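Biologist: Hi! Could you walk me through this one? I'd like to start with the ligand and then move on to the domains.

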Amino acid sequence: MNKITVKDIEVKGRRVLVRVDFNVPLDEKTGDIADDNRIRAALPTIEYLKDRGARVILMSHLGRPGGKVVENLRLDTVAGRLSQILKQPVVMAPDCVGPEVENMAAAMKAGDVLMLENLRFHGEEEAGDVLFAQALARLGDVFVNDAFGAAHRAHASVSVIAEYLPAAAGFLMEKEVANLGKILENPARPFAALLGGAKISDKVSMLENIMDKVDYVMVGGGMAATFLKAESYEVGQSLVETDMLGTASHLMELARRKKVNLVLPVDFVVADEISNGAKTEIVPMAKIPGEKRIVDTGPQTIDSFSRELQKCKTVFWNGPMGIFEIPEFAGGTQELAKLLAGLEAITVIGGGSTAEAVGAMGLVEKMTFVSTGGGASLEFLSGDKLPGVAALPDKE
Ligand code: ADP
Ligand code: MG
């Protein structure tokens, strides 16, 4: 990555304002942190800064409070968890800007960690407001962006602030850009993109961009229904994006033109309803009963994907193969996760749900790289410049 990183800047004794992505999933009932991976992913940068005697000021958003204070989206639970992990106090600020917070930042000692309150309690954050970015900038001497998961947003704390402080990338940001960049620039071949998830609408520009780079595109999950419907197959009650049928045809045509092997499922797991304990049935692709819906990719398809994937040197996977949140419909996703974990290939996972599925199976360490950025990883792979990355100064 050709950007200035924390290693390139003086941090000793300085107030380092770090944008992190602590937008962790919360348990709906208890409000507890359901998964603290996003906190752990920022640790290398935080520890590095602490070790070098920086005063570490962390800022993040959590959820979608929409510009006002929402009590259960306060960041004190997150600060508490970070404090446990770091084994040191993490002081929680009452807000993210203003004189009181400025005083707290000024009083910090080397190695102290201060957590600012949810940035999105202020509407100015998402609006990319200049005055708000300047108010944040007053808290620090330097700005470090380690929030790859928010890098696709031109928000005040993500990109705008970089104009008002010396700026650098954190280690997570560096790792994300390096790993995702590698598969776009010079992937080992054959290179397969394995795609699933509910919809193609979120992924069209990513698909168009990677068509130039890949040898295979394998389509499973809910989005397969839209491709099949575009080829005039019956898909019963399956989720179909009717406004995307033309786009699906266009993508298949693009694959033909670019000599990309686009592989569609040959069988599916179908059910009457999407619920725990639903009765499932395996049917050939061309024989989906009218009253049923696709809930998972079938075993023959998983076998055929597996055979092709075993030939590949690079695999990018985005989107679960079925409605994996329901155990009865998780088989295809789990089989492929296991297969990828055992491949002698570069395996890169993008997308929030896909990372969650891989994480739940304990396979993160077996993959080359699991991106922490859901939307950001897709936008990066679309070939778009991410505002949070673009705002950081280049090396030299
Ligand atoms: P990611 O977050 O990894 O990018 P997506 O957001 O595209 O993945 O898709 C994840 C969602 O797709 C999951 O909630 C999953 O239940 C859903 N999904 C997968 N297969 C199907 C299907 N056949 N029908 C409906 N939804 C599906
Ligand atoms: Mg998703």
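Modeller: Happy to! One term before we start: a polar contact here is a pair of N or O atoms within 3.5 Å. Also keep in mind that this is a predicted model.

Biologist: Got it. So how far is the nitrogen atom of ligand 1 from a polar backbone atom of Ile294?

Modeller: That distance is 3.2 Å, so the pair falls inside the 3.5 Å cut-off.

Biologist: And which side chains have an N or O atom 2.5 Å from an oxygen atom of the ligand?

Modeller: Glu325 is one of them, with a side-chain N or O atom 2.5 Å from a ligand oxygen. Thr354 also has a side-chain N or O atom 2.5 Å from an oxygen of ligand 1.

Biologist: How many residues surround ligand 1 overall?

Modeller: There are 16 around ligand 1, and the closest are Lys203, Asn318, Glu325, Ser353 and Thr354.

Biologist: Switching topic: where do the domains run?

Modeller: The domain assignment puts domain 1 at 6-175 and domain 2 at 187-381. Their contact involves 7 residues from domain 1 and 9 from domain 2.

Biologist: What area gets buried between them?

Modeller: About 700 Å², with carbon and sulfur atoms giving 68% of it. On the domain 1 side, Phe148, His152 and Lys175 lose the most area, together 63% of what that side buries.

Biologist: How many salt bridges or polar pairs cross that interface?

Modeller: The rule finds 0 salt bridges, and 0 residue pairs in polar contact with both at pLDDT 80 or more. The domain 1 residues that touch domain 2 split into 3 nonpolar, 2 polar and 2 charged.

Conventions. Residues numbered from 1 in each chain as written. Chains lettered and ligands numbered in written order. Predicted model: local features only at pLDDT ≥ 70, side-chain atom pairs only at ≥ 80, totals over all residues. Heavy atoms only, no water. Domains from an automatic or database assignment. Contact = heavy atoms within 4.5 Å. Buried area = accessible area lost by both parts, 1.4 Å probe. Salt bridge = Lys/Arg side-chain N within 4 Å of Asp/Glu carboxyl O. Polar contact = N/O pair within 3.5 Å; in protein donor to acceptor, adjacent residues only side chain to side chain. Nonpolar A, V, L, I, M, F, W, Y, C, P; charged D, E, K, R; others polar. Near = heavy atom within 4 Å.
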